[in-house]
Amino acid sequence: MARVDRIAEPWGTRTPYGPGERWPMRVDSHLTEGTRPAEVDRWVQSASMLHSNGDAMDIAVKGGRIVGVRGRSEDRVNHGRLDPKDLYGWQANHSPDRLSTPLIRRAGELVETDWETAMESVAHRTRELLEERGPSSIGFYTTGQLFLEEYYTLALIAHGGIGTNHVDGNTRLCTATAAATLKESFACDGQPGTYTDVDHADVICLYGHNVAETQTVLWMRILDRLAGPRPPAIVCVDPRRTLVAEHATVHLAPRPGTNVMLMNALLHELLEHDWVDHDYVEAHAVGFSELEKLVQGYTVERAAEVCDVPADEVREAARLIGTSRRLMSTVLQGFYQSHQATAAAVQVNNIHIIRGMLGQPGCGVLQMNGQPSAQNTREAGADGDLPGFRNWSNDDHVQELAAVWNVDPIDIPHYSEPTHAMQIMRYVEDGSIRFLYVTATNPAVSMPELRRMRSILSQERLFLVVQDIFLSETAQLADVVLPAATWGEKTGTFTNADRTVHLSEKAVDPPGEARPDLDILLDYAERLDLRDKDGAPLVKWKTPEAAFEGWKECSRGRPCDYTGLTYDKLRGSSGIQWPCTEEHPEGTERIYVNGAFWSAPTYCESYGRDLVTGAPVEPTEYQALNPSGKAIIKAAEFLPLHEPPTEEHPFQLITGRTLYHFHTRTKTGRAPQLQAAAADVWVECSVADAAAHGWSEGDLLRVSTPRGQVTARVRVSGIRDGVLFLPFHYGYWDTAPGNGSGDNRAANELTLTDWDPASKQPIFKTAAAAATRLRPSDGSVAPAPSTTASRPAHGSVPATRGDDSALVDEEHAPSGGEA
């Protein structure tokens, strides 16, 4: 057994393996200082809630408190390994500022109240608005961090009971493009790839995906392949010199906003060299001829000029992709939050379709998620779509769902497409939505253009309900605050980015009067007296397991079929991938095997959208295009940026994550080891830009856009020239004006209100910005980690390390055998 500082060494020690072999086990565990494993009262099954990888773990409980975690060695996802956020983040559960009592606004101030008063206030305002203004005055904005059972209950209440179309999650901000892209290419959500593709691939492409920081355990798997025999080649597309870029065979660092140009050039090269599986395309795809015509004009030379990348490196990347025998690709925010997000990500799918590399070991695409239960938001209908990947444009699907819920189909809103989060906020802004129920998310920090967002959420005519575990920046604006239980304090299931379902059991009681989100939603439904068409209660369950059984029936026969799963079955050694049915009782590792897609017009979740306008494709148009349910090759023209750099704002600003924090730090900022590793905001610039402006490590800069400004110390990093990077995690709950950041700390003070036409995901990565030095460094350095993409390009800064409390036990166990 080794003891490793997992702040200094986030990915731990290596366990090399070769292609086709099983990834060796390595069990990571971390307990409160002074606690030995033998002193733990019990270990309770769970999985990670601070990223989307779905790493299985056991929660250590002693004296009724969580005292640590350890990885589950037999789980298919992580083989025992844990992310630093998992190893330390559980400490937030014990934070003394946890919400433990309901709050209600009286005379302009939030004061403590009882549950009866709080819930009756919420229910009364709902009933009042339904009577006065109808269901369109009610909106719900949820998260990617609840359990499936809670999302499904929310969807039933909102869609089947209240009848509002205004339901979405904060998943709109991070990975809505993942769902949209899958719908465009395969007419349905659901990841074609699986993590075990890493075990077989000979080329792995990562498009805008800094996996080393966003899914650290998946990166451990890739690192172990790279350390073993016959390692895969790596193609990295990222404007920053990430750890992935450091290990890449080819690193392409395009100008932000030019991803479609780059992807079209890669496709041009594949077609030019005939690296195409024509038999597969002929049998299993439509749209190839349109792609051939469009990419003719996208030469490597043109892309090299527009993207500012070397032409030879684009050719080499295309050669690796085109000659690979087992190609795996992943995509994340670098594409999803950029200009032409869906159009760019669809081209990754196109590569896999024309190369015939789907549904085989090592041949998969993962349009990655960013949150632990983002997949459930989409499956269960809490992102506005209909539950079970049903098609809101298909009347038969609406009738099918109405039969499951025992309601009249006309009561399920499907008169127009679901309202996305950015439009919900516009409806709040113009006064048509007067009641907004926000669950486990913090739009006052995470939404773009925060000055506008604060104005929207603080309107007197808006009744704002916030259900959360801390008094976040958003909760501070609420009319009613409902204290919720969190991970480890309630029971439920959730599904990761490769369709693996895990059960998380309650380990300890929540603090004070805090309640599980499911219990709060059930109370809300009961107070509204929601009924089915026979007069029985609409919501027919009282426990998480009963809600899961209800969801199973809703999923029956749909792509995300859970009918073969039970809580008892999920209490086994590993999570299980859907679809899990009587026919496939152990789950399904890969979908789309032998070109069997879920895209038949009568079955598919979506008919697609115009990638330029976002207009939905009409059912008759889709039927004509794809009558036999094949994959859809969708070409996309490159379009110019909406906000290009100018003389006044010469830089391009991109925002993103750092390894040690999650979202707005409401949990990770309260874990001492994680907070110390990245304690405050910083801004990154390139070596050339620093030299041109006379900036040095630690200088205090003011970064500004037409919407606001942020003050931060500069880190001269490996980012490409002309680009500035700000981490978006930092808000105002733990700071005050005058500390060097103050009121100008949140990156989203600077971002613009604009979104992708197809996925409706905000564009966080192409704002035009200026930067000026306020004062030179006083000897201080930027508070950026030295272990990540934010490490200094040259010179020395203090190494990012943890203290003794950061030491983690790593126990290696040989695995052996084939994958």
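Before the first entry, a reminder to myself: a helix axis here is a line fitted to C-alpha atoms over the stretch in contact, and angles run from 0 to 180 degrees between N-to-C directions. I am working with a predicted model throughout.

**Entry: α3 and α22**

I started with helix α3, residues 148–162, and helix α22, residues 544–555. Their axes sit 9 Å apart, and I get a packing angle of about 65°. Angles of 65 to 115 degrees count as roughly perpendicular, so α3 is roughly perpendicular to α22. I noted the crossing of α3 past α22 as left-handed.

Then I looked up who touches whom. From α3 I have L148, E149, Y152 and T153. From α22 the list reads P544, A547, F548, G550, W551 and C554. Sorting the residues of this contact gave me 7 nonpolar, 2 polar and 1 charged.

**Entry: α18 and α20**

Next I checked helix α18 (residues 421–430) against helix α20 (residues 450–457). I find their axes coming within 9 Å and crossing at roughly 55°. That angle makes α18 oblique to α20. I wrote this crossing down as left-handed.

On the α18 side I listed M425, R426, V428 and E429. They meet R452, M453, I456 and L457 of α20. My tally for the α18 contact with α20 is 5 nonpolar and 3 charged, with no polar residues.

**Entry: α5 and α15**

I moved on to helix α5, residues 176–186, and helix α15, residues 341–354. The axes cross at roughly 50° and come within 9 Å. I therefore filed α5 and α15 as oblique to each other. Which hand does the crossing of α5 and α15 have, left or right? I read it as right-handed.

For the contact, α5 brings T177, A180, T181, L182, E184, S185 and F186. From α15 I have A341, T342, A345, V346, N349 and I353. I split the residues of the α5 contact with α15 into 7 nonpolar, 5 polar and 1 charged.

**Entry: domains**

I pulled up the domain assignment and found the protein divided into domain 1, domain 2 and domain 3. Domain 1 comes in pieces: 1–175, 374–387, 396–590 and 809–819. Domain 2 takes 176–368 plus 598–632, while domain 3 is 651–788.

How far apart do the C-alpha centres of domain 1 and domain 3 lie? I get 28 Å for that distance. I listed 41 residues from domain 1 and 36 residues from domain 3 in their contact. For the area buried between these two domains I have about 3400 Å², with 61% given by carbon and sulfur atoms. Which three residues supply more than any others of the area that domain 1 buries against domain 3? I noted I7, K85 and E449, which supply 15% of it.

**Entry: backbone oddities**

I finished with the backbone. Most residues other than glycine have a negative phi, and most peptide bonds are trans. I looked for departures from that.

The peptide bond from W578 to P579 is cis, and I see its omega near 0°. I placed P579 in the loop between β21 (576–577) and α24 (619–625).

A440 has a phi near 55°, which I flagged as a positive value in a residue other than glycine. I found A440 in the loop between β16 (435–439) and α19 (443–446).

D529 also went on the list, with phi near 55°, a positive value in a residue that is not glycine. I located D529 in the loop between α21 (517–528) and α22. That brings me back to α22, where P544 and W551 are among the residues in contact with α3.

How values were computed: Residues numbered from 1 in each chain as written. Predicted model: local features only at pLDDT ≥ 70, side-chain atom pairs only at ≥ 80, totals over all residues. Heavy atoms only, no water. Helix = DSSP H or I, 4+ residues; strand = E, 2+ residues; numbered from the N terminus. Parallel < 35°, antiparallel > 145°, perpendicular 65-115°, else oblique. Left-handed = near helix turned anticlockwise from the far one by under 90°. Contact = heavy atoms within 4.5 Å. Nonpolar A, V, L, I, M, F, W, Y, C, P; charged D, E, K, R; others polar. Domains from an automatic or database assignment. Buried area = accessible area lost by both parts, 1.4 Å probe.
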